[in-house]
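This report describes the interior of one protein chain, with attention to its nonpolar cores, aromatic rings and empty spaces. The sequence and structure come first.

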Amino acid sequence: MATARDYVKLHFIVFLWGFTAILGKLIEIPSLEMVFYRCLLAAVGMLVFIFYTRAPLKIPPVEIFRLLLTGCIVSIHWITFFGSARVSNVSVSLVGLATASLWTSILEPLSSGKKVKPIEVLLGGFVLVGIAIIFSVDFQYKLGFLLGVAAGFGAALFSVINSKMIARVPAATITFYEMTGACLATAAFFPVYAWGWADNGTLSLSPSATDWLYISILAFVCTVYAFTVMTELMKRISVFFIQLTINLEPLYGMIMAVMLFKEKEKMSMNFYIGSMIILSAVISYPLIKRYGGRSTKDEVKELR
């Protein structure tokens, strides 16, 4: 059973993740190289944590393989997310990411053989309406938004996978192997990236001192700490409720982005209307569940 402390932790983690797009915007090296270093530092940090806490590192080979593959999904998620912020702005990338709840409402029932819940489909429909409004004008950041939506799909996919894995593997162990898999997947893509996308065919693998500081925050605070706590919370809170709460990430991130970047974050009225429709799902979900006679607390029992 989830406690009030669990929900406070959940919102604190979402606040930290709302800050990641800003860090990604501040870091000067390209997205792919940034993700590589983030995953590398996170894997090393997680290994130290496991050694210090004596958490189990040895698990069945089949589980290691599954976690490494999930790490590939994490890599794609981060590359598309930070790439979205680079080609558009922080607000656009965060709103695209908010579609994760729509993807989760589809993927979670499919993964467990359950029926899709009407309330989740309804809220997913609100997300689609919000997206339609955003694109109803001459929206200059279409590529950035689509990359953000792709990042949202990746977030939903690895969250659903982790919700199943946490029943068999400790959270710290999951995070270590996934960060290792993400690091290896990113490195494996380097040759293709250098040939087709990198400036002058050269990778930017020499971060500045400031970049190292921001990447370290991404790795140790927003990844090692946040991923471990979030995965642990999946034992007591449903994936769909977590993804809906994660939709607050754009709200937190947009507020911080406007404070830091000011004019660069100003968008059309349609963008804000569509964004608020998407974010309204976070507030409406628990209220609708209570109105229907079922406490939100009952929702956390679904993974037990």
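Which residues in the largest nonpolar core touch the most other members? They are Leu10, Trp17, Trp78 and Met230, in a core of 71 residues. The model is predicted.

## Nonpolar cores

The leading contributor to the largest core is helix α2 (residues 31-53), which supplies eleven residues. Met230 is in contact with Leu10, Ile13, Trp17, Ile242 and Ile246, once its neighbours within four places in sequence are left aside. Two of these partners, Leu10 and Trp17, are listed with Met230 among the core members that touch the most others.

A second core is separate and has eleven residues, among them Leu102, Val127, Phe145 and Phe271.

## Overall fold

The protein chain contains 14 helices and zero strands. Its order of elements from the N terminus is therefore α-α-α-α-α-α-α-α-α-α-α-α-α-α, given that helices and strands are numbered as DSSP runs. Of its 304 residues, 54% count as buried.

Among contacts with a separation of 6 or more, 89% are between residues 24 or more positions apart.

## Aromatic pairs

A pair of aromatic rings is described by the distance of the centres and the angle of the planes. The structure has seven aromatic pairs by the rule used here. One of them joins Phe36 and Tyr37, with 5.4 Å from centre to centre and 65 degrees between the planes, an edge-to-face arrangement. Phe36 has a relative accessibility of 16% and so counts as buried, because the limit for buried is under 20%. Tyr37, at a relative accessible area of 11%, is buried as well.

Tyr37 also pairs with Trp212: the ring centres are 5.0 Å apart and the planes lie at 65 degrees, so this pair is edge-to-face. Why does the pair tie together parts that are 175 residues apart in sequence? Tyr37 belongs to helix α2 whereas Trp212 belongs to helix α10 (residues 209-233), so the pair links those parts of the chain. Trp212 is partly exposed, with a relative accessibility of 35%. Phe36, Tyr37 and Trp212 join Phe190 in one aromatic cluster.

## A charge over a ring

Arg38 has its charged end over the ring of Trp78, at 3.7 Å from the ring centre. Trp78 is also one of the residues named above for touching the most other members of the largest core.

## The cavity

How many cavities of 30 Å³ or more does a search of the whole structure find? The search finds one. The volume of the largest cavity is about 240 Å³. Its lining consists of 20 residues, with Trp17, His77, Ala155, Phe158 and Phe227 nearest the centre.

Elements α1 (4-26), α3 (61-87), α7 (142-165), α10 and α11 (239-246) give two or more residues each to this lining. The most come from α7, which gives four residues. Trp17 thus appears both in the cavity lining and in the largest core, because both lists name this residue.

## The largest pocket

The largest pocket has a volume of about 510 Å³. It is lined by 20 residues, and those closest to its centre are Ser31, Leu32, Ile79, Tyr193 and Trp197.

At least two lining residues come from each of α2, α3 and α8 (171-188). Helix α3 supplies the largest share of the pocket lining, with six residues. Helix α3 is also listed among the elements that give two or more residues to the lining of the largest cavity.

Notes
Residues numbered from 1 in each chain as written. Predicted model: local features only at pLDDT ≥ 70, side-chain atom pairs only at ≥ 80, totals over all residues. Heavy atoms only, no water. Core = buried A, V, L, I, M, F, W, Y, C linked by side-chain atoms within 4.5 Å. Buried < 20%, exposed > 50% of the residue type's maximum accessible area, 1.4 Å probe, protein only. Contact = heavy atoms within 4.5 Å. Phe/Tyr/Trp six-rings, centres within 6.5 Å; stacked < 30°, edge-to-face > 60°. Lys NZ or Arg CZ within 6 Å of the ring centre and 35° of its normal. 1 Å grid on protein atoms, 1.4 Å probe; cavity = no way out; pocket = protein on both sides within 12 Å on 5 of 7 lines; lining within 4 Å. Points joined across faces, edges and corners; volume = space filled by probe spheres on them.
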